[in-house]
Amino acid sequence: MRGLLVKDFRLLRQRTRFFVLLLVAALCLGMTRQDSTLVISYLTLVMALFSASSISYDEYDNCYCFLLTLPIDRRTYAREKYLFGMILGISAWLVGSLIHCMAVVSQGQPAHLYEDFMEALMYIPVFVAVLSLILPVQLKYGAERGRMALVVIMGILAVVIMAMNQIVKTTGLPVGRLLTLLTGMGDWMFLLLCFAIAAAAAGISCRISVRIMEKKEL
């Protein structure tokens, strides 16, 4: 698995310009909006999509056949994609959190440390859930058909997010606080529940991806 991680991170070096533009866009987004926590969700979700796109590199020019001649199996390959995605997602979350802190300081925004921290943590299980949804689709349908399937999935997610955003604007409450009020749970209990659900989803998704790889014709 270590060799697969090295391969994927070396592929990242070929997309240096993309990451520079992504960072510039994140900085502009964080510094020009009052709600700078949005940059955290922006970076983490983009990284979810990018980690899944690494599969398309492996499909190019029958690279799968070459990879499986190495001392790895299909099960290891599938699991490595989840680990790679998690590393990228957590790294993006940390960078987004840093940009948010910089925006709060530079713009003199009122500091709501507890609310901002809880909202930022909520993006981690969301990222894990999105990654768990994307990877099996990408492994099953490949780069072309998988891209169409992801467009549909992202469209559905966008509608859900827009609906939640409208509810937040109507109530004037942060998403995390609104959901905890609806469920009657405390903030930390609700957050732990979200992490538990995301972990369960990732485990189920990983098992599905392993089965897809084991049955995949190369």
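Asp116 is found in helix α6, which runs over residues 113-171. Helices here are DSSP runs of H or I with at least four residues, strands are E runs of at least two, and both are numbered from the N terminus. At 18% relative accessibility, Asp116 counts as buried, because buried means under 20% relative accessible area, with exposed set at over 50% and partly exposed in between (1.4 Å probe, protein chains only). Leaving out residues up to four places away in sequence, Asp116 touches Thr37 and His100, where a contact means heavy atoms within 4.5 Å. Ser97 lies 19 residues from Asp116 in sequence, and their C-alpha atoms are 9.6 Å apart in space.

This is a predicted model, in which local features need pLDDT of at least 70 and side-chain atom pairs count only at pLDDT 80 or more, while totals for chains, interfaces and linings use all residues. Residues are numbered from 1 along each chain as its sequence is written, and side-chain values use heavy atoms, with hydrogens and water left out.

Thr37 comes up again with Val104. Val104 sits in helix α5, which covers residues 74-107. Val104 and Thr37 are 67 residues apart along the chain, and 9.7 Å separates their C-alpha atoms. The relative accessible area of Val104 is 14%, so this residue is buried.

Helix α6 also holds Ser132. Ser132 is buried, at 8% relative accessibility. Apart from neighbours within four places in sequence, the residues in contact with Ser132 are Tyr82, Ala201, Ala202 and Ser205. Ser205 belongs to helix α8, residues 187-215, and is buried as well, at 4% relative accessibility. Seen from Ser205, the contacts beyond four places in sequence are Tyr82, Ser132 and Pro136. Tyr82 therefore appears in the contact list of Ser132 and in that of Ser205, and both serines count as buried.

Helix α3 brings another set of contacts. Ala48 is located in helix α3, which spans residues 38-59. With a relative accessible area of 0%, Ala48 is buried. Not counting residues up to four places away in sequence, Ala48 touches Phe127, Val130, Leu131 and Ile134. Ala48 and Leu133 are 85 residues apart in sequence, with their C-alpha atoms 9.9 Å apart in space.

The next topic is the aromatic side chains. A search of the whole structure finds one aromatic pair, made by Phe9 and Phe84. A pair of aromatic rings is described by the distance of the centres and the angle of the planes. For Phe9 and Phe84 the centres are 5.2 Å apart and the planes meet at 75°, an edge-to-face arrangement. Rings of Phe, Tyr and Trp (its six-membered ring) pair if their centres lie within 6.5 Å; planes under 30 degrees apart count as stacked, over 60 as edge-to-face and the rest as tilted. The pair links distant parts of the chain, since Phe9 is in helix α1 and Phe84 in helix α5, 75 residues apart. Phe9 is partly exposed, at a relative accessible area of 31%, whereas Phe84 is buried at 0%.

Phe84 also helps to line the largest cavity, together with Asp8, Leu11, Leu12, Phe50, Ser54 and Tyr57. Two elements give two or more residues each to this lining: α1 (2-13) and α3 (38-59). A cavity is a set of points, on a 1 Å grid over the protein atoms alone, where a 1.4 Å probe fits but cannot get out, and lining residues have an atom within 4 Å of a point. The structure holds one cavity of 30 Å³ or more, and the space in the largest cavity is about 40 Å³. Grid points are joined across faces, edges and corners, and a volume is the space filled by probe spheres set on the points. The lining has five nonpolar residues, one polar and one charged; Ala, Val, Leu, Ile, Met, Phe, Trp, Tyr, Cys and Pro count as nonpolar, Asp, Glu, Lys and Arg as charged, and the others, Gly among them, as polar.

Finally, the chain as a whole. The protein chain has eight helices and zero strands, and its pattern along the sequence is α-α-α-α-α-α-α-α. Of its 218 residues, 40% are buried. Among contacts with a separation of 6 or more, 80% are between residues 24 or more positions apart. The chain exposes about 12,600 Å², and carbon and sulfur atoms supply 69% of that area, computed by the Shrake-Rupley method with a 1.4 Å probe; for residues, only the protein chains shown count as cover.

Note on methods: 1 Å grid on protein atoms, 1.4 Å probe; cavity = no way out; pocket = protein on both sides within 12 Å on 5 of 7 lines; lining within 4 Å.
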